[in-house]
Amino acid sequence: MMGVWPVALITFKEGIKNRVIFGIFIIAILLFAATTVVITLFMRDIVKVAVDLSLSTVSFAGILTILFIGVNLFGKDLDKRTIYMVISRPISRSEYLVGKFTGIVLLALAVVVFLGLLSSVPVILSKKFYYYPEARFDWWIYLIAVIYIFIKLAVVSAIITLFASFTSNSFIALVLSIVVYFIGQSTESVRLLLTSQVERIEVSPVLSYMVEVAYYIFPNMSAFDLKTQAAHGLSISPSYILWTMLYAVFYIFIALSIGALAFRRREFP
């Protein structure tokens with residue numbers, strides 16, 4: 001796998017130079033500034049609101065970056081035919097695919113680190129000027145929540161890599177990735193709603209079966225959302241951290257394995 005790292009570095013540099021990322025950063029900065037203003041409208045729970053909005057901004061900007069720039073990084077090689085120069089060298093198709101994925105993950109890491117530092121500004125201001133004794137906040141839990149945003153972006157990067165491995169149309173890969181993301185974001189809440197004993201909802205067995213299948217097939221994105229724990233200062237069990245980490249690694253491995261298999265058998269025009 002010696003060819004993975006050069007491809008990853010080239011992909012990362014192309015992503016950083018993309019003009020779209022600067023637009024996303026400007027949007028994120030404006031949202032952080034708006035958060036600083038919005039928290040003044042609340043009488044209580046100001047720190048909680050600042051944490052919730054700040055983490056939401058990091059997640060939103062990160063998803064935009066990975067979806068639009070990540071898909072573009074795959075499509076650019078096909079559109080400009082530069083992929084022929086890569087696969088003609090002693091680099092296997094699997095190494096190329098894993099290298100692309102690694103480069104996108106490095107881009108996600110850079111984005112999360114930058115936005116994570118910016119997101120701390122509204123939280124620091126809220127703690128300094130509007131802090132109240134009843135507030136529960138822990139910077140360690142906040143850091144874990146930011147790390148989990150990065151893990152979620154890594155899973156989304158694996159999904160993008162999977163779809164880009166068998167389609168030459170960047171728009172199709174983008175749409176499929178967005179659909180999978182939103183399904184994965186909502187499957188757990190829908191499943192809990194259908195199985196809740198408090199408000200039992202009568203649904204057809206077919207629908208229940210479809211929801212159950214979707215829950216196990218699509219990635220559970222809500223498992224990486226720790227805004228509630230960070231906002232309320234709730235402790236996170238080590239077992240939860242371990243199992244969600246293993247779940248993310250397992251899903252990434254499966255997505256990359258299927259993508260590599262499809263990419264090896266793919267014929268380029």
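A contact here means heavy atoms within 4.5 Å.

**Figure 1. The whole chain, helices end to end.** This is a predicted model, and its protein chain comes to ten helices and zero strands. Read from the N terminus on, the order is just α-α-α-α-α-α-α-α-α-α. Take the contacts with a separation of 6 or more: 83% of them link residues 24 or more positions apart. As for burial, 45% of the 269 residues in the protein chain are buried. The accessible surface adds up to about 14400 Å², and carbon and sulfur atoms own 71% of that.

**Figure 2. Where helix α1 meets helix α2.** Here we zoom in on α1, residues 4-17, and α2, residues 19-38. Their axes sit 5 Å apart and the two helices pack at an angle of about 55°. Angles from 65 to 115 degrees would count as roughly perpendicular and those under 35 as roughly parallel, so α1 ends up oblique to α2. On the α1 side, the contact is made by Gly15, Ile16 and Lys17. On the α2 side, look for Arg19, Ile21 and Phe22. Sorted by chemistry, the contact residues come out as three nonpolar, one polar and two charged.

**Figure 3. Inside the largest nonpolar core.** This core holds 68 residues. Want the hubs? Val51, Leu55, Leu115, Val155 and Val156 touch the most other members. Several elements give two or more residues each, among them α3 (46-79), α5 (93-130) and α7 (170-195). Also in that group are α2, α9 (227-232) and α10 (238-264). The top contributor is α6, which gives 19 residues; this helix spans 139-164.

**Figure 4. Valine 155 and its neighbours.** Valine 155 is one of the core residues that touch the most other members, so to speak a good place to park the camera. Leaving out residues up to four places away in sequence, Valine 155 touches Pro219, Met221 and Phe224, along with Ala248, Tyr251 and Ile252.

**Figure 5. Phenylalanine 68 and isoleucine 21.** Phenylalanine 68 lies in helix α3. Is this residue buried, exposed or partly exposed? Its relative accessible area is 43%, and because buried means under 20% and exposed over 50%, Phenylalanine 68 counts as partly exposed. Isoleucine 21 is 47 residues away from phenylalanine 68 in sequence, yet the C-alpha to C-alpha distance between them is 9.2 Å. Isoleucine 21 also shows up in Figure 2, as Ile21 of α2 in the contact with α1.

Terms used. Residues are numbered from 1 along each chain as its sequence is written. This is a predicted model: local features need pLDDT of at least 70, side-chain atom pairs count only at pLDDT 80 or more; totals for chains, interfaces and linings use all residues. Side-chain values use heavy atoms; hydrogens and water are left out. Axes are lines fitted to C-alpha atoms, for helices over the stretch in contact, and angles run from 0 to 180 degrees between N-to-C directions. Helices (H or I, at least four residues) and strands (E, at least two) are DSSP runs, numbered from the N terminus. Angles under 35 degrees count as roughly parallel, over 145 as roughly antiparallel, 65 to 115 as roughly perpendicular and the rest as oblique. Ala, Val, Leu, Ile, Met, Phe, Trp, Tyr, Cys and Pro count as nonpolar, Asp, Glu, Lys and Arg as charged, and the others, Gly among them, as polar. A nonpolar core is a set of buried Ala, Val, Leu, Ile, Met, Phe, Trp, Tyr and Cys residues joined through side-chain atoms within 4.5 Å. Buried means under 20% relative accessible area, exposed over 50%, partly exposed in between (1.4 Å probe, protein chains only). Accessible areas come from the Shrake-Rupley method with a 1.4 Å probe; for residues, only the protein chains shown count as cover.
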